[in-house]
Amino acid sequence: MHDSSLLDREYSPSSRARTPAASLQQYRTRSDAARAQLEVREAVPYGAAAVERCHIFPPPPAATTAAGAPALVFVHGGHWQESGIEDACFAAGHAVAHGCAFAAVSYGLAPARTLPEMIASVRAALTWLADAAPRYGIAPDRLHVAGSSAGAHLLATALAHRTAPRVRSACLLSGLYDLGEIPRTYVNDALGLTPELARACSPLHLPAPRCDQVLLAAGEHETDTYLRQHQQYAAHLAALGVPVRTHTVPGRDHFDLPLDLADAATPFGRISLHHLGLAASHLA
């Protein structure tokens, strides 16, 4: 792929999405509602940097046992340069309704932060959450993670590091797993990746993520590049012996697919709940 305009279009999910602005508004509307209606500990620090904060929604009392409840940790997307945790709590209500805690992670954005710094922050957040879990009614060994777009990439990369805590499962939505072409696209205006750094931050060139199983999903209305990388990463995980399931979700695009996460009213929501072990019970 050599034409720069074509390459830019392939790395622009909005070129195939139907109503991206409406989906983005839903992120904020549903996140605001969750923070208004549920118990939440806001902007809890997990690291020393000002951006290293998370919103934590404890599990409902009925689901909390001495051993703790499962938790769903969500890492937002936005091409590593947009969005934040104020827009990343939209699945909290569904998670809590199924007896699960929920945490939305902030990692800072380019150009103020580099991609390695973002990856390190996501890894630090997972480590801190595993250590601090009992404080919030969470079982340290029952962490599940999910991420969309840039968040899927950051989780896949962070979990491939030998110091990352092992998690029960990862649900990765519409991610990029090979950043080799990014230095030749508009996305790199903020990221400033060299070809060498792009490869070093590509999950397709890294060890297996430290998780028991992976669910990879992408919407039907994604660019060819996103759909290709979805399949390539699935093959990479399978070759490394990681249990992996893939879904291309009909009628969904890059922006509205995350809204289905843990939502039992949608087909993919039910798939994700089954992946989390929450489809028929509160057991992870």
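Leucine 126 has a relative accessibility of 1% and therefore counts as buried, since the cut-off for burial is under 20%. In this predicted model, leucine 126 belongs to helix H4, which spans residues 115-132. Leaving aside residues up to four places away in sequence, leucine 126 touches Val73, Leu143, Val145, Leu155, Leu159 and Pro165. A further relation concerns alanine 158: although 32 residues separate leucine 126 and alanine 158 along the chain, their C-alpha atoms are 9.0 Å apart.

Helix H4 lies in the part of the chain to which the UniProt record, an unreviewed entry, assigns the annotation "domain: Alpha/beta hydrolase fold-3", covering residues 72-254. Over residues 72-254, helix accounts for 33% of the chain and strand for 26%, and the C-alpha atoms at the two ends are 20 Å apart.

The aromatic rings are considered next. Searching the whole structure yields 5 aromatic pairs. One of them joins phenylalanine 74 and phenylalanine 90 in an edge-to-face arrangement, with 5.3 Å from centre to centre and 70° between the planes. This pair links distant parts of the chain, 16 residues apart: phenylalanine 74 is in strand E3 (residues 69-75), whereas phenylalanine 90 is in the loop between E3 and helix H3 (92-97). In the pair of tryptophan 128 and tyrosine 136, the ring centres are 6.1 Å apart and the planes stand at 50°, so the pair is tilted. The relative accessible areas of these four residues are tabulated below.

| Residue | Relative accessible area | Class |
|---|---|---|
| Phenylalanine 74 | 3% | buried |
| Phenylalanine 90 | 7% | buried |
| Tryptophan 128 | 16% | buried |
| Tyrosine 136 | 12% | buried |

Ring pairs also bring Tyr27 together with Phe74 and Phe90 in a cluster.

Helix H8 comprises 16 residues, 224-239. The distance from its first C-alpha to its last is 23 Å, close to the 22 Å expected at 1.5 Å a residue. The buried residues of H8 are Thr225, Tyr226, Gln229, His230, Tyr233, Ala234, His236 and Leu237. Why can such spacing place residues on one side of a helix? An α-helix has 3.6 residues a turn, so residues three or four places apart point the same way. The cover over the buried residues of H8 includes two helices, H1 (4-10) and H5 (150-159), together with strands E6 (167-173), E7 (211-221) and E8 (244-253). Just after H8, glycine 241 adopts a positive phi of about 85°.

Notes: Residues numbered from 1 in each chain as written. Predicted model: local features only at pLDDT ≥ 70, side-chain atom pairs only at ≥ 80, totals over all residues. Heavy atoms only, no water. UniProt positions renumbered as here; feature names shortened; annotations may be inferred. Helix = DSSP H or I, 4+ residues; strand = E, 2+ residues; numbered from the N terminus. Phe/Tyr/Trp six-rings, centres within 6.5 Å; stacked < 30°, edge-to-face > 60°. Buried < 20%, exposed > 50% of the residue type's maximum accessible area, 1.4 Å probe, protein only. Expected span 1.5 Å × (residues − 1). Contact = heavy atoms within 4.5 Å.
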